Amino acid sequence: MSIQPYLIFDGRAEEAAAFYEKALGAQIQMLMRYKDSPLPQPEEMLPPGWSAKVMHMALKIGDTIVFGSDGDGEETGFKGFSLSYSAKTQEEAERVFAALAEGGETKMRLTRTFFSPAFGMLTDRFGVPWMVVLPQ
Amino acid sequence: MPIKPYLFFSGRADEAIAFYQNALGAEVNFLLRFDESPEPPPPGALAPDWGKKIMHSCLRIGDSEVFLSDGCGTGPAGFNGFGVSLEAKSVAEAERMFGALADGGEARMPLGETFFAVTFGMAVDRFGVLWMIIVPK
């Protein structure tokens, strides 16, 4: 039994994939658009012009897979969760934090805490909340 | 595994942990309450009487780890914009987990074969977390 996070990007999934490729070295393992799906989509289920949007994508970040999609156009916004990125070095923590925060919002700068030499929180340009942590 | 999901349960984290222990065989690897933290939070950072709430916990679910907490209690509760994809090893396991997760929640899409999966379904659990359960092809 294994778990992967699934992010619903409301129309910006492809832009997000390109951003995470650059910011995190993510590899796009697969990306399928609604119009390429073997399953025909009933037109009324999706907003107009949604056929080029991403039905499902898989991003490989390190040895983790993160799934994404544009959803059905009704999600609007991320709430109730964060993605926790565990860095191996101080340099990686700083680099990843800066890259993810660009165009987004820093909630807590990378700081020494009782549980980590470097921990910070941000929301990226798509509204995805992240924690970046260098484990003790 | 550099990336793990972190879920915020706005006061219901203890209840959620018990639920996932039962529904998914989750094991608690770590749990810290706010009043056990060596560093007190800044004044006003937490909701009143939040001391016994969970500041951080780590659950092992199958081969993966998920983080969970009550958050600060000062923002709106609820989940939106994401799901947790859960890969089962067999249709029987998928059915058992789906049934357990949908109990008290909502079966968004019943388990069934798709072009990409032996079986795939979606359920929102009683806390509002969206689970996508899959046995891939």
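**Figure 1. Ala107(B) faces Ala123(B) across a strand pair of chain B.** Ala107(B) stands opposite Ala123(B) in β7(B). The model shown is predicted: local features need pLDDT of at least 70, side-chain atom pairs count only at pLDDT 80 or more, and totals for chains, interfaces and linings use all residues. Residues are numbered from 1 along each chain as its sequence is written, while chains are lettered from A and ligands numbered from 1 in the order in which they are written. Strands β6 (residues 106–112) and β7 (residues 117–124) of chain B pair in the antiparallel sense, with four bridges between them. Two strands pair if DSSP finds at least two bridges between them. Four residues form the connection in the hairpin that joins β6(B) to β7(B). Here and below, helices (H or I, at least four residues) and strands (E, at least two) are DSSP runs, numbered from the N terminus.

**Figure 2. Cys58(B) has a bridge partner in β2(B) and another in β4(B).** Strand β2 (residues 27–33) and strand β3 (residues 54–61) of chain B run antiparallel and are joined by six bridges. Within this pair, Phe30(B) has Cys58(B) of β3(B) as its bridge partner. β3(B) is also joined to β4(B), in an antiparallel arrangement with five bridges. There, Cys58(B) is matched with Phe67(B) of β4(B). Two residues lie between β3(B) and β4(B) in their hairpin, and Gly62(B) in the turn has a positive phi of about 60°.

**Figure 3. Chain B meets chain A through 30 residues of each chain.** Residues are in contact if their C-beta atoms, placed from the backbone, lie within 7 Å. On the side of chain B that touches chain A, β1 (3–8), β4 (64–69) and β5 (82–87) of chain B each supply at least two residues. By class, that side holds 18 nonpolar, seven polar and five charged residues. Ala, Val, Leu, Ile, Met, Phe, Trp, Tyr, Cys and Pro count as nonpolar, Asp, Glu, Lys and Arg as charged, and the others, Gly among them, as polar. Strand pairing also links the two chains: β5 (residues 81–86) of chain A and β1(B) are antiparallel and share five bridges. Ser84(A) has Lys4(B) in β1(B) as its bridge partner.

**Figure 4. Domain 1 (1–77) and domain 2 (79–137) divide chain B.** The bounds come from an automatic or database domain assignment. The C-alpha centres of these two domains of chain B lie 22 Å apart. Domain 1 of chain B brings seven residues to the contact and domain 2 of chain B brings six. On the domain 1 side, β1 and α1 (13–24) of chain B are the elements that give two or more residues. The largest share of that side, three residues, belongs to α1(B). Six nonpolar residues, no polar residues and one charged residue make up the side of domain 1 of chain B that touches domain 2 of chain B.

**Figure 5. Domain 1 (6–69) and domain 2 (83–134) divide chain A.** Taken over C-alpha atoms, the centres of the two domains of chain A are separated by 24 Å. Six residues from domain 1 of chain A and five residues from domain 2 of chain A take part in the contact. Helix α1 (residues 13–24) of chain A gives the most to the domain 1 side, with three residues. That side of domain 1 of chain A has five nonpolar residues, no polar residues and one charged residue.

**Figure 6. Helix α1(A) has buried residues and, on the face turned away from them, exposed residues.** The twelve residues of α1(A) reach 15 Å from the first C-alpha to the last, close to the 16 Å expected, which is 1.5 Å times one less than the number of residues. Its buried residues are Ala13(A), Ala16(A), Ala17(A), Phe19(A), Tyr20(A), Ala23(A) and Leu24(A). Seen down the axis of α1(A), the buried residues fall within an arc of 165°, so they line one face of the helix; the arc is that of the directions from the helix axis to the C-beta atoms. A residue is buried if 20 or more other C-beta atoms lie within 10 Å of its own, exposed if 12 or fewer, and partly exposed in between, with C-beta atoms placed from the backbone. The buried residues of α1(A) pack against β2 (27–33), β3 (54–61), β4 (64–69) and α2 (90–101) of chain A. Ala18(A) and Lys22(A) are exposed on the face turned away from the buried side of α1(A). Gly25(A), which follows α1(A), has a positive phi near 65°.

How values were computed
Contact = placed C-beta atoms within 7 Å.
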